[in-house]
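Got the viewer open? Follow along, select each piece as it comes up, and turn the view whenever you like.

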Amino acid sequence: MLRLNNVCARYNILDGYVNAVNDMSFSVMDNEIFGIAGESGCGKSTLLKVMYDLIGYPLEISEGFIELYAKKQDGSEKVYKNGEIRNRRWKEISYVPQGAMHVLNPVRKIDTQFYDTIGKSEKKMGKKQMHDRIVAYLKELELPAEVMKSYPHQLSGGMKQRIMIALATFQSPSIILADEPTTALDVVVQRGILMMLKGVQKKIGNSIVIVSHDLGVHYQITDRMGIMYAGEMVEIGPTDELFKNPRHPYTKMLIDALPRIGDISQKEGIAGTPPSLKNPPPGCRFAPRCLYATDMCREVHPKRYEIGKTHQASCHLLDGKYPVIGGNKNA
């Protein structure tokens, strides 16, 4: 559905640039929910902007390209690359930005915001017909028709988030990019939002890319996951497999830090801080914080190793010369 080929993206700053996304290569498959996890500042949101072709100064793609595969009415396939993807927004690809509940225009009612967003691509549809379709769709998502005449400030945070998801999914796009869709919501509302996303994906049969630093969110909803660290994808594979048998030390440390019912042991964070993306260290970027780091880790950047057909990780520990880290006994 969406493929990234050796993509590098950077922000221009006064004294140079910051490499926020480095050598990113992976695919989002048809009819799957793909999760992206990692610490704050690792480049998750920038990666989503790159995938959405939301490129503009100071952000630029310095290397590589993105491909969006769209099916035409006759069953054939059309490929759009970065620079062209932006012309397929809402119809083929849509985006729920971070802090989406604050994106709605505070001085325009919800129905007007739907018309403004959808009307550009549904020019043949009359206003009455469009209104009826929107109300019917909101009902499918268990949203009352009354919200159409409401201003954003009259709605709760969870309701505004649901409206944003409804906007992003109304035209049944092939792929939806959701950046931290459950941030700042209580756990009950979070679950409702996640079930809503999963229900939409099941109904439409499309793909969703969901970004969250909360591994619990990924465990509940995603089919596959990618773990990001310092602008790079260090591990990628099926969600269940990553939780049961993480192969990169960073992934293992993240999962080991998760609280579990009945586990009263003291949880520890990962010592140290992520490196500067302006001047990243040589070798593996995680080496300064890694318990398994060797001299090779500090000097040579690791390649990506295949672990079966669907699991990959970038770590020198996987080349057979060093002991492989164990699975997660608490998964």
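Start with the open sheet of four strands, whose order is β2-β1-β4-β5 with antiparallel pairing. Strands here are DSSP runs of E with at least two residues, helices are DSSP runs of H or I with at least four residues, and both are numbered from the N terminus. Two strands pair if DSSP finds at least two bridges between them. This is a predicted model, so local features need pLDDT of at least 70 and side-chain atom pairs count only at pLDDT 80 or more, while totals for chains, interfaces and linings use all residues. Residues are numbered from 1 along each chain as its sequence is written, and side-chain values use heavy atoms, with hydrogens and water left out.

Now colour the two edge strands of this sheet, β2 (16-28) and β5 (77-81), each of which pairs on one side only. On average, neighbouring strands of the sheet are turned by 20° against each other, direction ignored. The angles you'll meet on this tour run from 0 to 180 degrees between N-to-C directions, and the axes are lines fitted to C-alpha atoms, for helices over the stretch in contact.

Next, select β4 (residues 59-71) along with β5: the two run antiparallel and are joined by five bridges. Which residue of β5 is the bridge partner of Ala-70? Click on Lys-78 and you have found it.

Stay in β5 and pick Lys-81. Is Lys-81 buried, exposed or partly exposed? It's partly exposed, with a relative accessible area of 37%. (Buried means under 20% relative accessible area, exposed over 50%, and partly exposed in between, using a 1.4 Å probe and protein chains only.) Leaving aside neighbours within four places in sequence, Lys-81 is in contact (heavy atoms within 4.5 Å) with Phe-65, Ile-66 and Glu-67. Try drawing a distance from the C-alpha atom of Lys-81 to that of Leu-2: they are 79 residues apart along the chain and separated by 9.7 Å.

Time for the other sheet. This open sheet has eight strands in the order β6-β7-β8-β3-β9-β10-β12-β11, with mixed pairing. Strands β6 (93-96) and β11 (304-307) stand at the edges with a single partner strand each, so one side of each is left without a neighbour in the sheet. From one strand to the next, the twist averages 20°.

Zoom in on β6 and β7 (residues 175-179), which run parallel and are joined by four bridges. Here Ser-94 has Ile-176 in β7 as its bridge partner. Now show helix α4 (residues 157-169), which packs on the sheet and touches β6 and β7. Its direction makes about 170° with that of β6. Then add helix α5 (residues 187-204), lying across β3 (33-37), β7 and β8 (207-211), and running at about 155° to β8.

Move along the sheet to β9 (residues 224-229) and β10, an antiparallel pair joined by six bridges. They form a hairpin with two residues between them, and in the turn you'll find Ala-230, with a positive phi of about 50°. Within this pair, Met-228 has Met-233 in β10 as its bridge partner. Why is β10 (residues 232-238) largely enclosed by the rest of the structure? Because six of its seven residues are buried. Strand β10 is also joined to β12 (residues 311-314), antiparallel again, by two bridges. Look for Glu-235 standing opposite Ala-313 in β12.

Cysteines next. How many disulfides (pairs of cysteine sulfur atoms within 2.5 Å) does the structure hold? Zero. Select Cys-8: the closest cysteine sulfur, in Cys-42, is 16 Å from its own, too far for a bond. Cys-8 is buried, with a relative accessible area of 8%. Then select Cys-284, which is in no disulfide either; the nearest cysteine sulfur, that of Cys-297, is 6.2 Å away. Cys-284 counts as buried too, at 13% relative accessibility.

Finally, zoom out to the whole chain. The protein chain has nine helices and 12 strands. Its C-alpha trace spans about 70 × 45 × 45 Å along the principal axes. Of its 331 residues, 49% count as buried. Residues 24 or more positions apart account for 64% of the chain's contacts with a separation of 6 or more.

Conventions
Disulfide = S-S within 2.5 Å.
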